[in-house]
Amino acid sequence: MRKIFTVLLTVSILAMPLAATAQVKPAPAGKQAVAAEKEVVKKKVVVRKGGWVKGRRLSASDRRRAVEIDYRASQLSTPPRGYHWVRIKNNFLLVGITSGLISKVHEAR
């Protein structure tokens, strides 16, 4: 009885890898190359409005609706040369005059 149990246990251990590989069927090489050519990758573009982030460039429409403000009255720091403070909705932005890059962002109180 012990020998039969040992033989069955050995056969089951050896048969496990064979059974696992028998279930996976590799695709033929010709079909795999055709499938790779037919793949189309679509990228999703996310556009965020109003989420002002340092380093982002103001668009032309944002520049038109931005209002230049007096930084002293709003208790903001003095802008460096080539920059100015603008207000869009409820945000104060320190923006480069020629480049339109945002350097600082403050929310209005």
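# A walk from the loop at Gln75 through the sheet

Let's start at Gln75, which sits in the loop between β1 and β2. Strand and helix names here follow DSSP runs numbered from the N terminus, with helices being H or I of at least four residues and strands being E of at least two. Gln75 has a positive phi of about 60 degrees, although it is not a glycine. Most residues other than glycine have a negative phi. With a relative accessibility of 69%, Gln75 counts as exposed (exposed is over 50% relative accessible area, buried is under 20%, partly exposed is in between, with a 1.4 Å probe and protein chains only).

Before going further, a word on what you're looking at. This is a predicted model, where local features need pLDDT of at least 70 and side-chain atom pairs count only at pLDDT 80 or more, while totals for chains, interfaces and linings use all residues. Residues are numbered from 1 along each chain as its sequence is written, and side-chain values use heavy atoms, with hydrogens and water left out.

Now step back to the whole chain. It has three helices and four strands, and from the N terminus the order is α-α-α-β-β-β-β. Of the 109 residues, 19% are buried. About 9,600 Å² is exposed, with carbon and sulfur atoms supplying 59% of it (areas come from the Shrake-Rupley method with a 1.4 Å probe, and for residues only the protein chains shown count as cover). As for contacts, meaning heavy atoms within 4.5 Å, residues 24 or more positions apart account for 31% of those with a separation of 6 or more.

Follow the helices first. Phe5 is in helix α1, residues 2–23, and at 57% relative accessibility it is exposed. Phe5 joins Leu9 and Ile13 in a nonpolar surface patch with about 330 Å² of accessible area together. Patches take residues with over 30% relative accessible area and no salt bridge, joining like charges within 9 Å and nonpolar side chains (Val, Leu, Ile, Met, Phe, Trp, Tyr) within 5 Å.

Further along comes helix α3 (residues 60–65), where Arg65 and Asp62 lie three residues apart, about one turn of the helix. Their side chains meet in a salt bridge at 3.1 Å, N to O (the term needs a side-chain nitrogen of Lys or Arg within 4 Å of a carboxyl oxygen of Asp or Glu). Side chains of opposite charge can pair when their charged atoms come close. Asp62 is buried at 9% relative accessible area, whereas Arg65 is partly exposed at 41%. The structure holds two salt bridges. Arg72 and Asp70 form one of them, with their closest N and O atoms 3.8 Å apart. Here Arg72 is exposed at 60% and Asp70 partly exposed at 40%.

On to the sheet. The four strands form an open, antiparallel sheet in the order β1-β2-β3-β4 (strands pair if DSSP finds at least two bridges between them). β1 (67–68) and β4 (102–107) stand at the edges with a single partner strand each, so one side of each is left without a neighbour in the sheet. In the middle, six bridges join β2 (residues 83–88) to β3 (residues 91–96). Between those two strands, in the loop, lies Lys89, another residue that has a positive phi, about 55 degrees, although it is not a glycine. Lys89 is exposed at 71% relative accessible area.

Five bridges then join β3 to β4, again antiparallel, and Leu94 has Lys104 as its bridge partner in β4. That hairpin has five residues between the strands, and Gly100 takes a positive phi near 80 degrees there.

Two β2 residues are worth a stop. His84 lies in this strand and pairs by a bridge with Val95 in β3. His84 is buried at 17%; not counting residues up to four places away in sequence, it touches Glu68, Pro79, Leu93, Leu94, Val95 and Ile97.

Trp85 is also found in β2, and it is buried at 2% relative accessibility. Leaving aside neighbours within four places in sequence, its contacts include Val67, Glu68, Tyr71, Leu76, Phe92, Lys104 and His106. Val67 is 18 residues away in sequence and 8.6 Å away in space, C-alpha to C-alpha. Finally, the Trp85 side chain reaches the backbone oxygen of Ser77 at 2.8 Å.

Note on methods: A polar contact is a pair of N or O atoms within 3.5 Å; within protein, one must be able to donate a hydrogen and the other to accept it, and residues adjacent in sequence count only if both atoms are side-chain atoms.
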